[in-house]
Amino acid sequence: MDFELKTLTPHQTASTVADALLVLWPDAADQAAPALDDPLTLWARGAVADEDLPAGAGQCLAAHRLPGVKPRRVVLARCGDGSPSQVRKAVQAAWALLKAGQPKTLLVLASAASGAAVAAAVQALADASYVYTATKSQAKPRSLHKATLAVADATAVRSAFARAVAVTRGVELAKEWANRPGNHATPSLLAEAARQLAKQPRVSVDVLGPKDVAKLGMGAFLAVAQGSEEPLRFIVLKYQGAAKSSAPVVLVGKGITFDTGGISIKPAAEMDEMKFDMGGAASVLGTFAALAELQPALNVVGLIPSCENMPDGRAVKPGDVVTSMSGQTIEVLNTDAEGRLILCDALTYAERFKPRALIDIATLTGACVIALGGVRCGLFANHDDLAAALADAGQAALDPAWRMPLDDDYAEGLKSHFADMGNVAGRQAGAVTAAKFLQKFVGQQRWAHLDIAGVAWKSGAAKGATGRPVPLLVQYLLDEVDRQALQPAAGLGAQPIKSAKAAKPPKSDKAAVAAKPTKAGKAAGAGSR
Ligand code: BES
Ligand code: MN
Ligand code: ZN
């Protein structure tokens, strides 16, 4: 789906051809002086005066063939104070009315919108109009091909718009892979998706298999994978946007392509949802898709340990003791606590990159779903500034996180009689004890853990992946570029490099705002199998 940003007055918008038109109406417009006499403003003012547009963000009024307005279907939607969250609400409500007409082209009039509000509109629209088709034989693909955002001054919001479009590409790639069932999203297929991403400038990938992982001594990761017929993959993605000497941010995404629980098998109800247990991995792929499009001056490494968690004659058993890459031994008391076992070895591997920050993203615990539900993901960090940066990024990106504690007392339950630690503690504070387990593998590095078990997908009627926390991660990384620019040139300062791949010079800012997917970008999206 393409997005376009244009400077258009309401008059010009009314006379622009499109299948449908969405007018975002902030409360402040109710009272504004009646200087505008275009057909859209007159119609909206009349509706407000007649009380046909009730108060409240998300309230809508639909019209058909308005005189003087080219698009046949028009929806007027209140966006409250014009804040990003209220704009998102308005777009979601409006799309519920617009989608029946299956518009191919949509105009969105957002005259007074701030950059953040334009970004929210773009993301909400992409999100609402997304359709999963990969494993349906008869599915109609997404109808919406192009959305044009009409604003009073495109220049003022251009960079926010370009970022938002890149985030939607990342979110859609993440949704696409997370939604695919386990047999269509194996570790090898995830590795293939990563290879597609690596066709883009400044992105490269290495894929390790079982032998390489054994050589590295990743005994915990191997133990989880040993009960499956599908070979494990350890995916190492790199985005190089800054000098080689600039320390990277390392992202580690849990890539369990299906979690049966293993020998500690899960109950049958809703077990299908454990295909989403690679949501962390999907968010790393999605973040790389956004990086490839935005080309920021920063180095990022993405690590994805990926395998299935299956019960089998060869599967790891409760009580088995395994040796992690760090040398620490682990008593596998519950084979369903497998995420931490694959992550701990990836965290140890990450050390070699001397990261400026190490962030793992994982659908790690049911306990986190109980604690925070589907609104905020759990955020754990051993440095306050890193926690604050991630929390702020989540807030700004409408992809919020909530900081959780890491007191050492929470690690008491991980003690084991037969190994350096057990892989589970008691029932209490399960999200925290899982984080304490991971912390044993990061030493003093600046580390954060995002438990996305509650936010990576929705259950029930709207079952499907959300693409979270791609918006948070991209926001954090772009903020990190700004933070790094503020630092004195020594050490961490990143100088833009000349060109990462000789044949493909990095895109200029201008190219980025055109916001069309590159060929490689398209290849990395749907239908790349
Ligand atoms: N993938 C699950 C976590 C999960 C469960 C996410 C339900 C979303 C919904 C993870 O591998 C797991 O099974 N965790 C166990 C840990 C327990 C055995 C300590 C859990 O949360 O029950
Ligand atoms: Mn599990
Ligand atoms: Zn799991």
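These exercises walk through a predicted model, from its domains to its sheets and its ligand site.

**Exercise 1. Domains**

Task: State which domains divide the protein chain, and find how far apart their centres lie.

Solution:
- Step 1. Start with the bounds. Domain 1 covers 2-152, and domain 2 covers 203-487.
- Step 2. Take the centres over C-alpha atoms. Domain 1 and domain 2 are separated by 38 Å, centre to centre.

**Exercise 2. The six-stranded sheet**

Task: Give the strand order of the open sheet of six strands, then name its edge strands.

Solution:
- Step 1. Read across the sheet. The order is β1-β6-β5-β2-β4-β3, and the pairing is mixed.
- Step 2. Look for strands that pair on one side only. These are β1 (2-7) and β3 (60-64), the edge strands.
- Step 3. Check the twist. On average, neighbouring strands of this sheet are turned by 20° against each other, with direction ignored.
- Step 4. Examine one pair. β3 runs antiparallel to β4 (residues 73-78), and five bridges join them. A63 has V74 of β4 as its bridge partner.

In general, strands of a sheet pair through backbone hydrogen bonds, either parallel or antiparallel.

**Exercise 3. Helices on the strands**

Task: Determine which strands helix α4 and helix α6 lie across.

Solution:
- Step 1. Take helix α4 (residues 84-98). It lies across β2 (20-25), β3, β4 and β5 (105-109). Its angle to β2 is about 150°.
- Step 2. Take helix α6 (residues 154-179). It lies across β1 and β6 (146-151). Its angle to β1 is about 175°.

**Exercise 4. The three-stranded sheet**

Task: Describe the open sheet that contains β12, β13 and β17.

Solution:
- Step 1. Set the order. It is β12-β13-β17, with mixed pairing.
- Step 2. Mark the edges. β12 (321-323) and β17 (421-422) each pair on one side only.
- Step 3. Examine one pair. β12 and β13 (residues 329-331) run antiparallel and share three bridges. V322 has I330 of β13 as its bridge partner.

**Exercise 5. The ligand site**

Task: Identify the residues that come nearest to ligand 1, then trace polar pairs and the buried area.

Solution:
- Step 1. List the surroundings. There are 16 residues around ligand 1; D259, K266, D336, E338 and G366 come nearest.
- Step 2. Find side-chain pairs. A polar side-chain atom of D259 is 2.9 Å from a ligand 1 oxygen. For K266, a side-chain N or O atom lies 2.8 Å from an oxygen atom of ligand 1.
- Step 3. Add a backbone pair. A nitrogen atom of ligand 1 is 3.4 Å from a backbone N or O atom of T363.
- Step 4. Finish with area. Ligand 1 alone exposes 510 Å², and the protein buries 77% of that.

Methods:
Residues are numbered from 1 along each chain as its sequence is written. Chains are lettered from A and ligands numbered from 1 in the order in which they are written. This is a predicted model: local features need pLDDT of at least 70, side-chain atom pairs count only at pLDDT 80 or more; totals for chains, interfaces and linings use all residues. Side-chain values use heavy atoms; hydrogens and water are left out. Domain bounds come from an automatic or database domain assignment. Two strands pair if DSSP finds at least two bridges between them. Helices (H or I, at least four residues) and strands (E, at least two) are DSSP runs, numbered from the N terminus. Axes are lines fitted to C-alpha atoms, for helices over the stretch in contact, and angles run from 0 to 180 degrees between N-to-C directions. Contact means heavy atoms within 4.5 Å. A residue is near a molecule or strand if one of its heavy atoms lies within 4 Å of it. A polar contact is a pair of N or O atoms within 3.5 Å; within protein, one must be able to donate a hydrogen and the other to accept it, and residues adjacent in sequence count only if both atoms are side-chain atoms. Accessible areas come from the Shrake-Rupley method with a 1.4 Å probe; for residues, only the protein chains shown count as cover.
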